[in-house]
Amino acid sequence: MAQAVASCAGVRAQWSSVTSQLSVSRSTLASRAASRAGAAPVPIVCGRSKKGKEEKAEAKKAGKKAPEVSKQAKDAARKKFAAAMREVVSKQGKAYDRIVREMDRDQYREYVLSVRHAPLAGEPQAAILSDWLPICEVIVADKVAYEAQKFFRDNDMTIPETDQVPLTAGDQIEGVPAITSVLPSLGPEVAGMAFAMAGSKVKDIPMEQLEFGVEDWGSFEVAVSGLEAQAGTKAMRATAAGVLGVSIDDEPAAVKRVYRKLIATEHPDRNPDASIEKFNAIKEAYDLLSDRGGQSGATFEGLGDKAKRDFVKLPGVQAGSAPFPKSAKVEVQLRSLTIYDRISNIFTARNMSLQSRLPTAAAPKPAEPMAPAEEVKAQEPEPVAA
């Protein structure tokens, strides 16, 4: 009997809870009806109520920290992002390879796309993109010819042989205008190529702060050869710096001052104990450090023989800012330069050099001190050995 009474009491308590919830629901419905009748609805902004947004802003002002993200969550997010970038790069590479495999050589052109960081005024520049960085190949193909050949192959049909008619000037594939018109539709693709070539240091750079440059493969090979020449002389430059007693990274003006001092001291006509061998070694060391032979340039645009370079900047082009132009007469695909070990190794080393040499915030350059009287005397016209 006692158990039955307790059971009845429990049922009554549950029923009271249900009726109270129903009364709350009725009052809520009534208030909603009243609001529909005259009261203004609660505004919703980006899925959050205005009140919630204001509360979040107030909490931010009060200095409350956002909840910390665990290391596992950060690692998972990084892996997910890297996987997405690899997928984009792979997809583009397959489309590029298909064009090369299915089309005749005169129906497409190949170029190299480079990027550089152009931050807003007052903002720091990303060290790794402080100079132009080549990130991918760009293939520009005749879209009509490509789609026609693709149709025949997809339907297992023999491509009809036609007489080869020379292309007129108006029908020639113009790569730079084509790339300029299509690049605004390739935001994720460009981001993936930059990530593959430069790593995670570029993933937070806004797309609108990237500027672009294009050159054909012949021009790019000249730049790569110039960069290889720089890398090959690195050990020789270190030895030359040791001969002069300077650092390889010293300012040219400082190296010149030391050189003039040494060359005046070691001149055989001025110092009977000096040797012509040491005099010539000092001259050769300075020639190498000052790069008088013009073997290399300070920037990517200056690499190699400038007469053989056709590097073209694309001003005003912003990747990912527009859909693909429907009227485009060309097919454009990208392929990462990381597939070439030689190029990947060269620019990986260059990226590391830029990353280590460029400071995060450029400090004002201190004024050079006045040279001592005896040093000024040494800065006279360079003597020549008899």
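Show the whole chain as a cartoon: its secondary structure comes to twelve helices and seven strands. The model is a predicted one. Colour the 386 residues by accessibility, and 32% of them count as buried. Among contacts between residues at least 6 apart in sequence, 80% join residues at least 24 apart. The stops below visit some of the places where distant stretches of the chain come together.

**Stop 1: helices H3 and H6**

Select residues 71-102, which form helix H3, and residues 187-198, which form helix H6. Two packed helices are described by the angle between their axes and the distance between the axes. For H3 and H6 the angle is about 110° and the axes are 8 Å apart. The range for roughly perpendicular is 65 to 115 degrees, and H3 and H6 are therefore roughly perpendicular to each other.

Now show the side chains of the contact. From H3, select Phe-81, Ala-82, Met-85, Val-88, Val-89 and Gln-92. From H6, select Pro-188, Glu-189, Ala-191, Gly-192, Met-193, Phe-195 and Ala-196. Coloured by class, the residues of this contact divide into ten nonpolar, two polar and one charged.

Keep Gln-92 of helix H3 selected. Is Gln-92 buried or exposed? Its relative accessible area is 9%, so Gln-92 is buried. Leaving aside neighbours within four places in sequence, Gln-92 is in contact with Glu-189, Met-193, Gln-333 and Leu-334.

Next, go back to Phe-81 and add Lys-203. Lys-203 lies over the face of the Phe-81 ring, at 6.0 Å from the ring centre.

**Stop 2: helices H3 and H4**

Keep H3 and add residues 143-154, which form helix H4. The angle here is about 85°, with the axes 11 Å apart. H3 and H4 are therefore roughly perpendicular to each other.

Which residues meet in this contact? Arg-98, Ile-99 and Glu-102 in H3 meet Tyr-146, Gln-149 and Arg-153 in H4. By class, there are two nonpolar, one polar and three charged residues in the contact of H3 with H4.

Centre the view on Arg-98, in helix H3. With a relative accessible area of 28%, Arg-98 is partly exposed. To check a distance across to another part of the chain, pick the C-alpha atoms of Arg-98 and Lys-150: these two residues are 52 apart along the chain, and the atoms are separated by 9.7 Å.

**Stop 3: aromatic rings**

Hide the helix contacts and show the aromatic side chains. How many aromatic pairs does a search of the whole structure find? The search finds eight. A pair of aromatic rings is described by the distance of the centres and the angle of the planes.

Start with Trp-217 and Tyr-340, an edge-to-face pair with 5.8 Å from centre to centre and 75° between the planes. This pair links distant parts of the chain, 123 residues apart. Trp-217 is in helix H7 (residues 217-232), while Tyr-340 is in the loop between strand E7 (330-336) and helix H11 (341-357). Trp-217 counts as buried because its relative accessibility is 18%. Tyr-340, at 26%, counts as partly exposed.

Move to Phe-300 and Phe-347. Their ring centres are 6.3 Å apart and the planes are at 55°, so this pair is tilted. Phe-300 is in the loop between H10 and E6 and Phe-347 is in helix H11, 47 residues apart. Both Phe-300 and Phe-347 are buried.

Then select Trp-132, Trp-217, Phe-220, Phe-300, Phe-311, Tyr-340 and Phe-347 together. Ring pairs link these residues into a cluster. Add Arg-309, which lies over the face of Phe-300 at 4.9 Å from the ring centre.

**Stop 4: the loop between H10 and E6**

Select the loop between helix H10 (276-289) and strand E6 (312-314), and pick Ser-290 in it. At 32% relative accessibility, Ser-290 counts as partly exposed. The C-alpha atoms of Ser-290 and Val-255 are separated by 8.5 Å, with the two residues 35 apart along the chain.

Finish at Ala-307, placed in the loop between H10 and E6. Its relative accessibility is 72%, so Ala-307 counts as exposed. Pick the C-alpha atoms of Ala-307 and Ser-219: the separation is 9.5 Å, and the residues are 88 apart along the chain.

Terms used. Residues are numbered from 1 along each chain as its sequence is written. This is a predicted model: local features need pLDDT of at least 70, side-chain atom pairs count only at pLDDT 80 or more; totals for chains, interfaces and linings use all residues. Side-chain values use heavy atoms; hydrogens and water are left out. Axes are lines fitted to C-alpha atoms, for helices over the stretch in contact, and angles run from 0 to 180 degrees between N-to-C directions. Helices (H or I, at least four residues) and strands (E, at least two) are DSSP runs, numbered from the N terminus. Angles under 35 degrees count as roughly parallel, over 145 as roughly antiparallel, 65 to 115 as roughly perpendicular and the rest as oblique. Contact means heavy atoms within 4.5 Å. Ala, Val, Leu, Ile, Met, Phe, Trp, Tyr, Cys and Pro count as nonpolar, Asp, Glu, Lys and Arg as charged, and the others, Gly among them, as polar. Buried means under 20% relative accessible area, exposed over 50%, partly exposed in between (1.4 Å probe, protein chains only). Rings of Phe, Tyr and Trp (its six-membered ring) pair if their centres lie within 6.5 Å; planes under 30 degrees apart count as stacked, over 60 as edge-to-face and the rest as tilted. A charge sits over a ring if NZ of Lys or CZ of Arg is within 6 Å of the ring centre and within 35 degrees of the ring normal.
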